[in-house]
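Please examine the model shown below. The paragraphs that follow it lead through its fold, moving between single residues and the elements that hold them.

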Amino acid sequence: MNYIDPHIHMISRVTDDYEKLAHMGCVAVSEPAFWAGFDRGSAAAFHDYFRQLTEYEPKRAAQFGVRHFCWLCINAKEAENVSLSREVIAMIPEFLKAPNVLGIGEIGLNKNTANEATIFQEHLELAARHEELVLVHTPHLQDKYKGTRMILDMVKEIGRIPPERVIIDHVEEHTVGPALAAGHWVGMTLYPTTKCTPQRAADIVERYGAERICVNSAADWGVSSPSAVPAFMLEMRLRGHSEELIRRVVYDNPLAFFKQCARWKDALPDGR
Ligand SMILES: [Zn+2]
């Protein structure tokens with residue numbers, strides 16, 4: 001079955017991973033801009049990073065028949081530096097013309113600080129002004145519930161971004177309900193230990209249904225697995241769920257969300 005990995009950091013992965021993704025049936029990936037594992041020292045470093053995401057990475061993916069999409073922003077961790085963040089935000093519009101850009105992301109909160117909230121809101125303003133989709137990173141572990149609440153409130157307060165144009169990512173059992181209730185799409189990140197396992201994600205689909213729910217690997221430079229989405233598909237199959245339901249979560253849903261992007265043009269390899 002073809003699938004989409006809607007959150008994966010391919011610049012951190014070797015080319016063999018693209019080949020593996022293609023073998024497993026992955027036809028498209030979307031790569032949110034994120035933290036590089038260290039704080040970058042200048043806006044010029046982000047300029048190069050955005051070029052990598054919009055020019056180089058789509059070509060590397062295309063060698064294996066995988067469509068590469070991306071999201072642009074300064075991540076929540078580096079958003080602590082407000083002046084650098086503003087320089088980066090000012091640079092984003094020039095890249096919004098690139099055909100593989102889906103919107104603004106992964107913006108959000110990390111430690112739920114005032115500076116992070118300020119920059120999150122400024123990204124939302126940018127997205128509203130340019131009518132862009134938004135992909136939101138929610139904080140880890142103990143900060144997640146409070147951070148998710150703050151994020152949902154801020155998106156609502158801005159008011160000019162329809163809820164169905166926002167995906168709230170890294171949801172878990174205690175945050176999926178509020179994000180869906182607010183009208184957003186949600187992403188469950190499948191990590192070997194933290195975030196959701198494929199089993200927990202399958203439990204959540206059984207409890208909440210498949211509407212507006214996506215799963216992703218968020219594979220990056222840390223401990224993570226590009227085969228996480230197929231692992232979820234296997235778990236669902238072993239539980240006796242229909243191919244139609246599985247396909248909805250791993251293909252139809254991310255595609256329906258992406259297709260709201262005004263720049264979306266071509267169908268994926270299977271014509272959808
Ligand atoms: Zn990420």
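His170 counts as buried because 26 C-beta neighbours lie inside 10 Å; a residue is buried if 20 or more other C-beta atoms lie within 10 Å of its own, exposed if 12 or fewer, and partly exposed in between, with C-beta atoms placed from the backbone. His170 is found in the loop between S6 and helix H6 (176-181), where helices (H or I, at least four residues) and strands (E, at least two) are DSSP runs, numbered from the N terminus. The phi angle of His170 is near 60 degrees, a positive value in a residue other than glycine. This is a predicted model, in which local features need pLDDT of at least 70 and side-chain atom pairs count only at pLDDT 80 or more, while totals for chains, interfaces and linings use all residues. Residues are numbered from 1 along each chain as its sequence is written.

A positive phi also occurs at Asn112, again near 60 degrees and in a residue other than glycine. Asn112 lies in the loop between S4 and helix H4 (114-130). With 18 C-beta neighbours inside 10 Å, Asn112 counts as partly exposed.

The wider architecture comprises nine helices and eight strands. The radius of gyration is 17 Å, close to the 19 Å that the globule rule gives for 272 residues, so the protein is as compact as a globular protein of that length; the radius is taken over C-alpha atoms, and the rule is 2.2 Å times the number of residues to the power 0.38. Along its principal axes, the C-alpha trace spans about 50 × 40 × 35 Å. Of the 272 residues, 44% count as buried. Among contacts with a separation of 6 or more, 73% are accounted for by residues 24 or more positions apart; two residues are in contact if their C-beta atoms, placed from the backbone, lie within 7 Å.

How are the eight strands ordered in the open sheet? Their order is S1-S2-S3-S4-S5-S6-S7-S8, and the pairing is parallel; two strands pair if DSSP finds at least two bridges between them. Strand S1 (3-5) and strand S8 (213-216) stand at the edges, each with a single partner strand, so one side of each is left without a neighbour in the sheet. From one strand to the next, the twist averages 25 degrees; axes are lines fitted to C-alpha atoms, for helices over the stretch in contact, and angles run from 0 to 180 degrees between N-to-C directions.

Within the sheet, strand S3 (residues 67-72) and strand S4 (residues 101-108) pair in the parallel sense over three bridges. Cys70 stands opposite Val101 in S4. Helix H9 (residues 243-258) packs on the sheet, touching S1, strand S2 (26-32), S3, S4, strand S6 (166-169), strand S7 (185-189) and S8, and its direction makes about 110 degrees with that of S8. Strand S4 also holds Glu106, which a cis peptide bond joins to Gly105, with omega about -10 degrees.

At the S8 edge, four bridges join S7 to S8, and the two run parallel. Cys214 in S8 is the bridge partner of Gly187. In a regular strand the side chains alternate between the two faces of the sheet. Both faces of S8 are covered, with Ile213 and Val215 on one side and Cys214 and Asn216 on the other, all of them buried.

Two of these S8 residues, Val215 and Asn216, are in contact with Val229. Beyond its neighbours within four places in sequence, Val229 also contacts Tyr3, Asp5, Leu190, Ser217 and Val250. Val229 is found in helix H8 (residues 228-238), and it counts as buried because it has 31 C-beta neighbours inside 10 Å.

The remaining topic is the pair of helices H4 and H5. Their axes come within 10 Å and cross at roughly 40 degrees. H4 and H5 are therefore oblique to each other; angles under 35 degrees count as roughly parallel, over 145 as roughly antiparallel, 65 to 115 as roughly perpendicular and the rest as oblique. Ala117, Phe120, Gln121, Leu124, Glu125 and Ala128 in H4 meet Met150, Met154, Val155 and Ile158 in H5. Met150, in helix H5 (residues 144-158), counts as partly exposed with 19 C-beta neighbours inside 10 Å. Apart from its neighbours within four places in sequence, Met150 is in contact with Leu109, Asn112 and Ala117.
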